[in-house]
Amino acid sequence: MKLRGIIILGSILVLFAIIHFSSGNPQKPKKETAEKSGVVYVPVLEVENKMRNFFLESYGQLSAGQTLDIAFEVSGKLREGSVRLRPGVRFSKGQLLFEVDAEEAKFALSARKSAFITMLIQVMPDMKMDYSDEFPSWESFMYSIDINKPLPNLPDAKSKKLNLLLNQRNIFAEYNNIRSQELRLEKHKYYAPFSGTVTDVYLEPGSIVNPGVRIASALRTGDYELKIPIRLEDLAMYQQKGRVDVLDIRGKKVGTAQLVRVSDVINRLTQSVDAFFNIEPLSGVQLYNGMYVHIRLNKESYEEVMALPYLAVKENFVRIIRDSLVVQVPVEVVASFPDTVLVRGLQNKMQVLVNSSDIIVDSVKVIGIPK
């Protein structure tokens, strides 16, 4: 029993010692925390007064200023022009792109011109007898007709009676019919109205084409248009400036743009209108149809100002760190934006608290952490 009592007593003493030491050790950390409680770290911005530019930016996609669907007004077998057209092939203004076989139309036109000469031969005796003063000009006209060339211009019929005679013999009507047929013959060839690039080809040479059937599509190269949505509150500034910079998706300037027209229809969801710009690329810069770009307009410029977050300024005052203490200094608010305030009156290298509403005890030491 004595041994058992000694063991119990020893256990109690050991347990008491453990409790005593565990309750005494935390005093040192409390002391260290108290020492550190006199220092506060706050985010700050270091003042750098300089020229500040603010831009209006908007994004859009380049589109060709002029597109072309190639089609004929006549029917026949399609022939290749002076260049074999494929998607991506470039052509020059005035180059023959396609033509429709016109041999049959040429023969029919030549036959009609021959019949017209016969009609003139039949009316010439009456004209020589009754209108001798006008006969030489009409005779010269008749001899100048070449069935393989366009008809020359008709001479003037000064006499009203001569006009009636020519109308009675269908001279004027047949002349106009032939001229109409000549114009239609010209429509068998399709010449490029501008320099451009083929985008699609729908029919190959050898195909039979009908009037109005699309053969190929092309777009004009070097002439691009940009449609940009602009907020109503910014529209007046774009109209005042007129010309803006054009940048690619990497922010590199690739050209300038001139505002040419503004839609009078507003987007009800975004409260913006579509503005259209003509693009003038920089020398040596290649633009492409469908290329994404953005425009940039220098909205305003301010000299020797500091840009601060909206929360850093309160009632024309900011708080700075001076000799490890927070002090309040007045500033001149030059301009305000949704998330930025431009101010004057601060010296370079000053440290401004990012949030002027932070509660800091005056007696503590403050250390700024630059953002």
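**Figure 1. The hairpin of strands E13 and E14 in the predicted model.** In this predicted model, strands E13 and E14 form a hairpin with four residues between them, and Gln271 in the turn has a positive phi of about 55 degrees. Strand E13 covers residues 253–267, while strand E14 covers residues 272–281; the two run antiparallel and are joined by nine bridges. One place to look along this pairing is Val262, which stands opposite Ala275 in E14. A student may also look for a charged group beside a ring here: the charged end of Arg261 sits over the ring of Phe276, 4.2 Å from the centre of that ring.

**Figure 2. Surroundings of Ser272 in strand E14.** Ser272 is found in strand E14 and has a relative accessible area of 8%, so this residue is buried. Which residues does Ser272 touch, not counting those up to four places away in sequence? They are Pro229, Ile230 and Arg231, together with Val265, Ile266 and Asn267.

**Figure 3. The hairpin of strands E12 and E13.** Strand E12, residues 243–247, pairs with strand E13 in the antiparallel sense over five bridges. Leu247 has Lys253 in E13 as its bridge partner. Five residues lie between the two strands of this hairpin, and in the turn Gly251 has a positive phi of about 90 degrees.

**Figure 4. Gln240 in helix H7 and Leu259.** Gln240 lies in helix H7, which is made of residues 232–241. Is Gln240 buried or exposed? With a relative accessibility of 66%, Gln240 counts as exposed. Although Gln240 and Leu259 are 19 residues apart along the chain, their C-alpha atoms are separated by 9.9 Å.

**Figure 5. Helix H3, its span and its kink.** Helix H3 consists of 28 residues, numbers 103–130, and at 1.5 Å a residue it should span 40 Å; the C-alpha atoms at its ends are 41 Å apart, which agrees with that expectation. Along the helix there is a kink of about 35 degrees at Val123, shortly before the proline Pro125. Val123 is also one of the buried residues of H3, a list that further includes Leu109, Ser110, Lys113, Phe116, Ile117, Leu120, Met124 and Met127. What covers these buried residues? The cover includes helix H4 (135–143), helix H5 (160–168) and helix H6 (171–186).

**Figure 6. Aromatic pairs, beginning with Phe91 and Phe194.** A pair of aromatic rings is described by the distance of the centres and the angle of the planes. Seven aromatic pairs are counted in the model. Phe91 and Phe194 form one that is tilted, with 6.4 Å from centre to centre and 35 degrees between the planes. Phe91 lies in strand E5 (residues 90–91) and Phe194 in the loop between strand E7 (189–191) and strand E8 (196–201), so this pair ties together parts that are 103 residues apart in sequence. Both Phe91 and Phe194 are buried.

**Figure 7. The edge-to-face pair of Trp138 and Phe141.** The ring centres of Trp138 and Phe141 are 6.0 Å apart and the ring planes stand at 80 degrees; because planes over 60 degrees apart count as edge-to-face, the pair is given that name. Both residues lie in helix H4, three residues apart, which is about one turn of the helix. An α-helix has 3.6 residues a turn, so residues three or four places apart point the same way. Trp138 counts as buried at 1% relative accessibility, and Phe141 is buried as well, with a relative accessible area of 4%. Ring pairs also link Trp138 and Phe141 with Phe116 and Tyr175 into a cluster.

**Figure 8. Positive phi at Glu315 and Asp323.** Most residues other than glycine have a negative phi. Glu315, however, has a positive phi, near 55 degrees, and Asp323 likewise has a positive phi near 55 degrees. Glu315 is found in the loop between strand E15 (292–309) and strand E16 (317–322), whereas Asp323 lies in the loop between E16 and strand E17 (325–330). Are these residues buried or exposed? Glu315 is exposed, with a relative accessible area of 70%, and Asp323 is exposed with a relative accessible area of 70%.

Key:
Residues numbered from 1 in each chain as written. Predicted model: local features only at pLDDT ≥ 70, side-chain atom pairs only at ≥ 80, totals over all residues. Heavy atoms only, no water. Expected span 1.5 Å × (residues − 1). Bend = angle between axes of the 7 residues up to and from the residue. Buried < 20%, exposed > 50% of the residue type's maximum accessible area, 1.4 Å probe, protein only. Contact = heavy atoms within 4.5 Å. Phe/Tyr/Trp six-rings, centres within 6.5 Å; stacked < 30°, edge-to-face > 60°. Lys NZ or Arg CZ within 6 Å of the ring centre and 35° of its normal. Pairing = 2+ DSSP bridges.
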